[in-house]
Amino acid sequence: MSVDDVVEKRILKLLGKHDYLTIEETASKLGMHRTTASKYLAVLEAKGLVKYRPVGKAKLYSVRR
């Protein structure tokens with residue numbers, strides 16, 4: 001299992017415990033930089049595993065069910 005796979009699974013597990021999280025909240029809860037969290041969330045969205053809804057300037061992410 002690659003590092004990317006591990007990070008993606010951590011993000012999916014975290015999002016599964018919350019209705020919605022911002023990029024900043026995700027990064028903070030997982031102890032990573034905001035830019036890193038943003039990158040992985042974009043990849044997960046492209047894979048169809050997460051979705052987001054814009055609220056002002058923020059994007060609220062959740063697991064696609």
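Start by selecting K47, which counts as partly exposed at 48% relative accessibility. You're looking at a predicted model, so treat every value on this tour as computed from that prediction.

**Stop 1: K47 and its partner**

Which residue does the K47 side chain meet in a salt bridge? It's E8, and the gap from N to O is 2.9 Å. Color the two residues and look at where each one sits: K47 is in the loop between α3 (34–46) and β1 (50–55), while E8 belongs to helix α1, so this pair ties together parts that are 39 residues apart in sequence.

Now keep E8 selected and hide K47 for a moment. Is E8 buried or exposed? Buried: its relative accessible area is 10%, and the cut-off for that label is under 20%. Show what surrounds E8 and, once you skip the neighbours within four places in sequence, you'll find Y40, V43, L44 and K47 in contact with it.

**Stop 2: along α1 to α2**

Stay with helix α1, residues 3–16, and add helix α2, residues 23–30. Two packed helices are described by the angle between their axes and the distance between the axes. Here the angle is about 110 degrees and the axes are 11 Å apart. That makes α1 and α2 roughly perpendicular to each other, because 65 to 115 degrees counts as roughly perpendicular. Turn the view until one helix lies over the other, and you have a right-handed crossing of α1 past α2.

Next, pick out the residues where the two helices meet. On the α1 side, select R10, I11, L14 and L15; on the α2 side, select T26, K29 and L30. Color that set by class and you should get four nonpolar residues, one polar and two charged.

**Stop 3: the loop in between**

Follow the chain from α1 toward α2 and stop at T22, in the loop between those two helices. What does T22 touch, leaving out residues up to four places away in sequence? Select A58, K59 and L60 to see its contacts. T22 itself counts as buried, with a relative accessibility of 13%.

**Stop 4: α2 meets α3**

Hide α1 and bring up α3 beside α2. How do these two cross? Their axes come within 8 Å and cross at roughly 110 degrees, so α2 and α3 are roughly perpendicular to each other. The crossing of α2 past α3 is right-handed.

For the contact itself, select I23, E24, T26 and A27 in α2, then R34, A37, S38 and L41 in α3. By class, that contact holds four nonpolar, two polar and two charged residues. Notice that T26 is on this list, and that T26 also appears where α1 meets α2.

**Stop 5: A27 up close**

Zoom in on A27, in helix α2. With a relative accessible area of 3%, A27 is buried. Leaving out residues up to four places away in sequence, A27 touches M32, H33, R34 and A37. If you'd like a ruler exercise, draw a line from the C-alpha of A27 to the C-alpha of Y52: the two are 25 residues apart in sequence and 16 Å apart in space.

**Stop 6: the other salt bridge**

How many salt bridges does the structure hold? Two, and you began at one of them, between K47 and E8. For the E24–R34 salt bridge, show both side chains; they meet at 2.9 Å, N to O. E24 lies in helix α2 and R34 in helix α3, so the pair ties together parts that are ten residues apart in sequence.

Check how open each partner is. E24 counts as partly exposed at 42% relative accessibility, and R34 is partly exposed too, with a relative accessible area of 39%.

**Last stop: H33**

Finish on H33, in the loop between α2 and α3. Is H33 buried or exposed? Exposed, with a relative accessible area of 55%; that label takes over 50%. You met H33 a moment ago among the residues that A27 touches. For one more ruler line, join the C-alpha atoms of H33 and I23, which are ten residues apart along the chain and separated by 9.6 Å.

Note on methods:
Residues numbered from 1 in each chain as written. Predicted model: local features only at pLDDT ≥ 70, side-chain atom pairs only at ≥ 80, totals over all residues. Heavy atoms only, no water. Axes fitted to C-alpha atoms, helices over the stretch in contact; angles between N-to-C directions. Helix = DSSP H or I, 4+ residues; strand = E, 2+ residues; numbered from the N terminus. Parallel < 35°, antiparallel > 145°, perpendicular 65-115°, else oblique. Left-handed = near helix turned anticlockwise from the far one by under 90°. Contact = heavy atoms within 4.5 Å. Nonpolar A, V, L, I, M, F, W, Y, C, P; charged D, E, K, R; others polar. Salt bridge = Lys/Arg side-chain N within 4 Å of Asp/Glu carboxyl O. Buried < 20%, exposed > 50% of the residue type's maximum accessible area, 1.4 Å probe, protein only.
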